[in-house]
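Visitor: I would like to learn how to read a few backbone and helix features. Please take me through them one at a time.

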Amino acid sequence: MAVRWSRTGVQTGSEDGSEGLATIASGLVDAAEVSHPVFLLYHQVCADQDWTPSEFTVTASAFRRQMGYLRNHGFHSIPLSSVLGDTPPRAAMGSRPVVITFDDGYADTFENALPILVEFGFTAAVFPVLDMSRRTSWWATPGEPPARLLSPVELRALADAGIELGSHTLTHPRLTRANDAELAQELARSREVLSGLVDAPLPVVAYPYGDVDGRVKRAAREAGYSAGLAVSSGPMDPHADRYEIRREAIENVASDAYMTVKLSRARRLYAWSKWKVRTGLDRLRNRAPDARPAASR
Ligand SMILES: [Zn+2]
């Protein structure tokens with residue numbers, strides 16, 4: 001591998017496709033000029049009186065306020081499938097597109113989030129864990145009670161309401177730690193289960209914990225997925241790496257200021273550039289990137 005060094009110590013070129021400062025610079029220009037869709041990530045949306053402090057749960061009233069922010073600030077909700085089409089989406093989608101996603105497949109996605117999405121005329125993509133023999137969550141953070149997961153009837157009702165459904169694997173493992181056979185099984189079997197539940201499942205996997213590396217991406221491609229959703233990793237442009245699409249995790253904050261910061265291009269660009277430098281340094285150290293940030297599961 002031919003490695004060159006800039007004065008900042010960041011790798012500037014290599015034969016393995018590593019990208020350096022030149023790519024970051026061009027990415028900055030690109031990100032400043034192009035309105036790529038912003039992917040938002042939610043988990044649970046609880047009734048207001050049920051909220052206990054959690055970075056993974058928003059109340060129904062905070063969720064409604066956040067959707068209102070999107071509507072009032074010119075964002076429009078587009079289907080995830082429209083981003084994956086062959087038609088370049090930039091011209092077709094106009095300005096400020098957002099893709100709203102929900103991971104894990106909690107029953108409250110149907111009970112609490114769907115009515116609000118309908119109220120605003122928004123759509124979303126839901127990524128349920130697909131071991132249908134278990135319908136309460138088992139991967140909760142210590143101290144959090146298990147939560148009811150979507151039933152087959154509710155999954156089909158979401159699809160009937162125009163919500164797109166993809167895979168969040170069978171058992172919610174950290175895929176980078178799964179062996180090759182387990183990885184293939186999680187990806188392939190969950191697709192089969194989802195295909196048995198709804199007519200037109202998305203060929204998209206949302207990686208549990210946002211945990212992804214090159215091997216996981218290759219396995220997703222080999223299992224027939226056309227895209228994979230990460231959390232705080234991946235390029236600004238979802239088309240630059242469809243197997244590591246960056247999402248923004250949204251927490252239980254109802255203020256417009258929070259959403260302004262979350263959605264601001266400057267903050268997202270800053271987060272992206274930190275990830276870019278970190279992954280470049282990780283490659284130099286010849287090891288996989290560190291585990292994803294905590295705001296993912
Ligand atoms: Zn998850």
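Guide: Start with strand S5, which covers residues 97-104 and contains aspartate 104. Keep in mind that the model is predicted.

Visitor: What sign does phi have at aspartate 104?

Guide: First the general idea: most residues other than glycine have a negative phi. Aspartate 104 is not a glycine, yet its phi is positive, about 85 degrees.

Visitor: Is aspartate 104 buried or exposed?

Guide: The cut-off for buried is 20 or more other C-beta atoms within 10 Å. Aspartate 104 has 24 C-beta neighbours inside 10 Å, so it counts as buried.

Visitor: Which other residue should I check for its phi, and where is it found?

Guide: Histidine 172, also not a glycine, has a positive phi of about 60 degrees. Histidine 172 sits in the loop between strand S7 (164-165) and helix H7 (180-197). Because 20 other C-beta atoms lie within 10 Å of it, histidine 172 is buried.

Visitor: Now a helix. How many residues does H10 have, and what distance does it reach?

Guide: The check is to set the end-to-end distance against the expected span. Helix H10 (residues 265-284) has 20 residues, and from its first C-alpha to its last it reaches 28 Å, close to the 28 Å expected at 1.5 Å a residue.

Visitor: Which residues of H10 are buried, and why do they line one face of the helix?

Guide: The buried ones are Trp272, Lys276, Gly280 and Arg283. Viewed down the axis of H10, they fall within an arc of 70 degrees, so they line one face. Tyr270 and Lys274, on the other side of H10, are exposed.

Technical notes. Residues are numbered from 1 along each chain as its sequence is written. This is a predicted model: local features need pLDDT of at least 70, side-chain atom pairs count only at pLDDT 80 or more; totals for chains, interfaces and linings use all residues. Helices (H or I, at least four residues) and strands (E, at least two) are DSSP runs, numbered from the N terminus. A residue is buried if 20 or more other C-beta atoms lie within 10 Å of its own, exposed if 12 or fewer, and partly exposed in between; C-beta atoms are placed from the backbone. The expected span of a helix is 1.5 Å times one less than its number of residues. The arc is that of the directions from the helix axis to the C-beta atoms.
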